[in-house]
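Student: Hi! I've got a model open and would like to talk through how its parts fit together. Can you help?

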Amino acid sequence: MKDEFVSTVSHELRTPLTSINGSLAILSKSSEGRLDQTGQQMLDIAIRNIDRLNRLINDILDIEKLGSGSVVMHVQRLELAELLSCVVNENRPFANTHGVDVQLELPDEPVLVLGDQGRLVQAVTNLIANACKFSPPGAIVDVSCQKADGRAIIEVQDTGPGIPVEFRPHVFQRFAQASPDHQQGRSGSGLGLAITKAIIEQHEGNIGFDSVVGSGSRFWLTLPLLGEQS
Ligand SMILES: Nc1ncnc2c1ncn2[C@@H]1O[C@H](COP(=O)(O)OP(=O)(O)O)[C@@H](O)[C@H]1O
Ligand SMILES: [Mg+2]
């Protein structure tokens, strides 16, 4: 599929989607307590799936924009420990829906970088969401941040199934997902890591992972520390 075609269609889908979104929100509010059980279930299904479609379309538009270099990064001075604390707290409810908890380990001193806050939050959120989705219930996802050689290193470690060896070369490709056996019905589009990589590379950072099948995965990303670029 041509990228341009996909992004044009995605743009065109946005207007009717916004309208459906609005209508469903009004319907949901105005029908509070007035729908029978089946009606309420149908409405919940519609809302859940519109959310999914919205996320997919935003991801398609994002990867297209990031790939063409047309995303303007609103770069500012950021303290990563603070940013990570917020991201972890915001993602804990999602983790809990998978029966998972997230732990954060931070250095004692501030970790300063230059970056686009929203985009870096998006990148780390993608890694945490994957780790939670692929963790067994009761597991802990460990998020940490450290400094080494003029770079900040953020790591997200899980105790999930690991990345199948044959899938490793494709992990950061658009729409890439491992076999249905690995996915086990977990939701997603296969765009998250492609978006994350594009964001990190636009920050002059690197992204990678280590994984042991049956034991878990550790995704890491690095960013140049402010004032310590070599
Ligand atoms: N922590 C992880 N553990 C196991 N597999 C993973 C993990 N993170 C990513 N993957 C694999 O890489 C694929 C691509 O991830 P991503 O680009 O975030 O897409 P999505 O989450 O929408 O499927 C996942 O569908 C899964 O097959
Ligand atoms: Mg993902």
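Student: Which residues of helix 2 meet helix 6?

Tutor: From helix 2 they are D59, D62, I63 and L66, and on the helix 6 side the partners are A194, I195, A198, I199 and Q202. Keep in mind that this is a predicted model.

Student: And how do the residues of that contact divide by class?

Tutor: The contact of helix 2 with helix 6 has six nonpolar residues, one polar and two charged.

Student: What about the geometry: at what angle do helix 2 and helix 6 pack?

Tutor: The angle is about 35°, and the axes of helix 2 (residues 37–68) and helix 6 are 10 Å apart. Helix 2 makes a left-handed crossing with helix 6.

Student: Now helix 4. Where do the axes of helix 4 and helix 6 stand, in angle and distance?

Tutor: Helix 4 (residues 117–133) and helix 6 (residues 192–202) cross at roughly 145°, with axes that come within 9 Å. This crossing of helix 4 and helix 6 is left-handed.

Student: Which side chains should I click on for that one, in helix 4 and helix 6?

Tutor: In helix 4, pick R119, L120, Q122, A123, N126, L127 and N130; in helix 6, G192, L193, I195, T196, I199 and I200. By class, the helix 4 contact with helix 6 holds seven nonpolar, five polar and one charged residues.

Student: I199 keeps coming up. Is I199 buried or exposed?

Tutor: Buried: I199 has a relative accessible area of 0%. The residue is in helix 6. Beyond its neighbours within four places in sequence, I199 is in contact with L66, R119, L120, Q122 and A123. L66 is in helix 2, while R119, L120, Q122 and A123 are in helix 4.

Student: How far is I199 from P164?

Tutor: Their C-alpha atoms are separated by 25 Å, and I199 and P164 are 35 residues apart along the chain.

Student: Moving past helix 6, where is H203?

Tutor: H203 is in the loop between helix 6 and strand 6 (206–212). With 7% relative accessibility, H203 counts as buried.

Student: What does H203 touch, then?

Tutor: Not counting residues up to four places away in sequence, H203 touches M73, L114, G115, D116, R119, L120, L223 and P224. For P224, the C-alpha separation from H203 is 8.1 Å, across 21 residues of chain.

Student: I also had V75 selected. Which residues is V75 in contact with?

Tutor: Leaving aside neighbours within four places in sequence, V75 is in contact with L114, G115 and D116. Those three are also among the residues that H203 touches. V75 is in strand 1 (residues 75–79), and its C-alpha is 9.6 Å from that of V113, 38 residues apart in sequence.

Student: Let's go to the N-terminal part. What does S10 contact?

Tutor: S10 is in contact with I57, I60 and L61, setting aside neighbours within four places in sequence. S10 is in helix 1 (residues 3–30) and counts as buried at 4% relative accessibility.

Student: Different topic: how many disulfides are there in the whole structure?

Tutor: Zero, from a search of the whole structure.

Student: Why is C132 not bonded to C86?

Tutor: Because the sulfur of C132 is 17 Å from the one in C86, its closest cysteine sulfur, and that is too far for a bond. C145 is also too far for a bond, as its sulfur is 13 Å from the closest cysteine sulfur, again in C86. C132 is buried with a relative accessible area of 0%, and C145 is buried at 4%.

Student: I've noted some backbone angles too. What is phi for F175?

Tutor: About 60°, a positive phi although F175 is not a glycine. F175 is in the loop between strand 5 (151–157) and helix 5 (180–183) and is partly exposed, at 45% relative accessible area. Q184, also not a glycine, has a positive phi near 45°. You'll find Q184 in the loop between helix 5 and helix 6, and Q184 is exposed at 59%.

Student: Last one: what does UniProt annotate for residues 8–227?

Tutor: The unreviewed UniProt entry gives "domain: Histidine kinase" for residues 8–227. Over that stretch the chain is 48% helix and 21% strand, with end C-alpha atoms 41 Å apart.

Conventions. Residues numbered from 1 in each chain as written. Chains lettered and ligands numbered in written order. Predicted model: local features only at pLDDT ≥ 70, side-chain atom pairs only at ≥ 80, totals over all residues. Heavy atoms only, no water. Axes fitted to C-alpha atoms, helices over the stretch in contact; angles between N-to-C directions. Helix = DSSP H or I, 4+ residues; strand = E, 2+ residues; numbered from the N terminus. Left-handed = near helix turned anticlockwise from the far one by under 90°. Contact = heavy atoms within 4.5 Å. Nonpolar A, V, L, I, M, F, W, Y, C, P; charged D, E, K, R; others polar. UniProt positions renumbered as here; feature names shortened; annotations may be inferred. Disulfide = S-S within 2.5 Å. Buried < 20%, exposed > 50% of the residue type's maximum accessible area, 1.4 Å probe, protein only.
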